[in-house]
Amino acid sequence: MTQMARSEDVLSEVVRTLIDVVGEDFLLDFEVTRDTTLNDDLALESIEFVALSEKLQRSYGERVDFPDFIAGMDLEQIMTMTVGDLVSHIESRLS
């Protein structure tokens, strides 16, 4: 599998997980891309962010340590986090 294909697979998994967390109806008229922000674009609430982290942790296992990933960020970074940031973190941990 090429790096590009794996990147697209991870992006697809993150989007599927987001749909599971926020509901399909919320994302019907909205295309989630790498540039989509979790706070501004998706208005993810803290409980939804926790649910997203838990579901992705189950999908990717202990290698993808989301609490550690978040712990290394300041508030500004957390507030501006994008889907692409999550995808990049997952990819870096799977390499």
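## Exercise 1: The nonpolar core

**Task.** Find how many residues the largest nonpolar core has, and which of them have the most contacts inside it.

**Solution.** Start with the count: the largest nonpolar core holds 27 residues. Val14, Leu18, Leu38, Leu86 and Ile90 are the ones with the most contacts inside that core. Next, look at where the core residues come from. At least two residues each are supplied by α1, α2, α3 (66-71) and α5. The biggest giver is α1, with seven residues.

Keep in mind that you're looking at a predicted model.

Now zoom in on Leu18. Skipping its neighbours within four places in sequence, Leu18 touches Gly23, Leu27, Val32, Leu38, Leu42, Leu44, Leu52 and Val83.

## Exercise 2: How far can you trust it?

**Task.** Work out which element has the lowest mean pLDDT and which has the highest.

**Solution.** First take the chain as a whole: the average pLDDT is 89, and 95% of the residues score at least 70. Then go element by element. The lowest mean belongs to α1, at 87, and the highest to α5, at 94. A general caution goes with this: where pLDDT is low, don't read the predicted coordinates in detail.

## Exercise 3: The overall build

**Task.** Say how many helices and strands the protein chain has, and then check its radius of gyration against that of a compact globule.

**Solution.** Count the elements: there are five helices and zero strands. Reading along the sequence, you get the pattern α-α-α-α-α.

For the second part, a compact globule with 95 residues would have a radius of gyration near 12 Å. The protein chain comes out at 13 Å, which agrees. Its C-alpha atoms fill a box of roughly 30 × 30 × 20 Å along the principal axes.

Two more numbers round this off. Of the 95 residues, 40% count as buried. Among contacts with a separation of 6 or more, 66% are between residues 24 or more positions apart.

## Exercise 4: Three salt bridges

**Task.** A search of the whole structure finds three salt bridges. Take them one by one and say where the partners sit.

**Solution.** The general idea is that side chains of opposite charge can pair when their charged atoms come close.

1. Glu13 pairs with Arg16, with the closest N and O atoms 2.9 Å apart. These two are three residues apart in helix α1, so about one helical turn separates Glu13 from Arg16.
2. Asp20 pairs with Lys55, again with 2.9 Å between the closest N and O atoms. Asp20 lies in helix α1 and Lys55 in helix α2, so this pair ties together parts that are 35 residues apart in sequence. Lys55 is partly exposed, at a relative accessible area of 25%.
3. Glu91 and Arg34 meet through their side chains at 3.7 Å, N to O. Glu91 sits in helix α5 (residues 83-94) and Arg34 in the loop between α1 and α2, so the pair links parts that are 57 residues apart in sequence. Glu91 is buried, with a relative accessible area of 11%, while Arg34 counts as partly exposed at 27%.

## Exercise 5: Val32 in its loop

**Task.** Decide whether Val32 is buried or exposed, and list its contacts beyond its sequence neighbours.

**Solution.** Locate Val32 first: the residue lies in the loop between α1 (3-22) and α2 (46-60). Buried means under 20% relative accessible area. Val32 has 13%, so Val32 is buried.

Now for the company. Leaving out neighbours within four places in sequence, Val32 is in contact with Val15, Leu18, Leu27, Leu42 and Val83. You can also try a distance: Val32 and Ile19 are 13 residues apart in sequence, and their C-alpha atoms are 9.8 Å apart in space.

## Exercise 6: Two more loop residues

**Task.** Place Thr37 and Ala43, then say how buried or exposed each one is.

**Solution.** Take Thr37 first. You'll find Thr37 in the loop between α1 and α2, and at 15% relative accessibility Thr37 counts as buried. Apart from neighbours within four places in sequence, Thr37 has Leu42, Thr80, Met81 and Thr82 in contact.

Ala43 also has its place in the loop between α1 and α2. With 47% relative accessibility, Ala43 counts as partly exposed. Have a look at its backbone too: phi of Ala43 is near 50°, a positive value in a residue other than glycine.

Conventions
Residues are numbered from 1 along each chain as its sequence is written. This is a predicted model: local features need pLDDT of at least 70, side-chain atom pairs count only at pLDDT 80 or more; totals for chains, interfaces and linings use all residues. Side-chain values use heavy atoms; hydrogens and water are left out. Helices (H or I, at least four residues) and strands (E, at least two) are DSSP runs, numbered from the N terminus. Buried means under 20% relative accessible area, exposed over 50%, partly exposed in between (1.4 Å probe, protein chains only). Contact means heavy atoms within 4.5 Å. A salt bridge is a side-chain nitrogen of Lys or Arg within 4 Å of a carboxyl oxygen of Asp or Glu. pLDDT is the predictor's confidence in each residue, from 0 to 100. A nonpolar core is a set of buried Ala, Val, Leu, Ile, Met, Phe, Trp, Tyr and Cys residues joined through side-chain atoms within 4.5 Å. The radius of gyration is taken over C-alpha atoms; the globule rule is 2.2 Å times the number of residues to the power 0.38.
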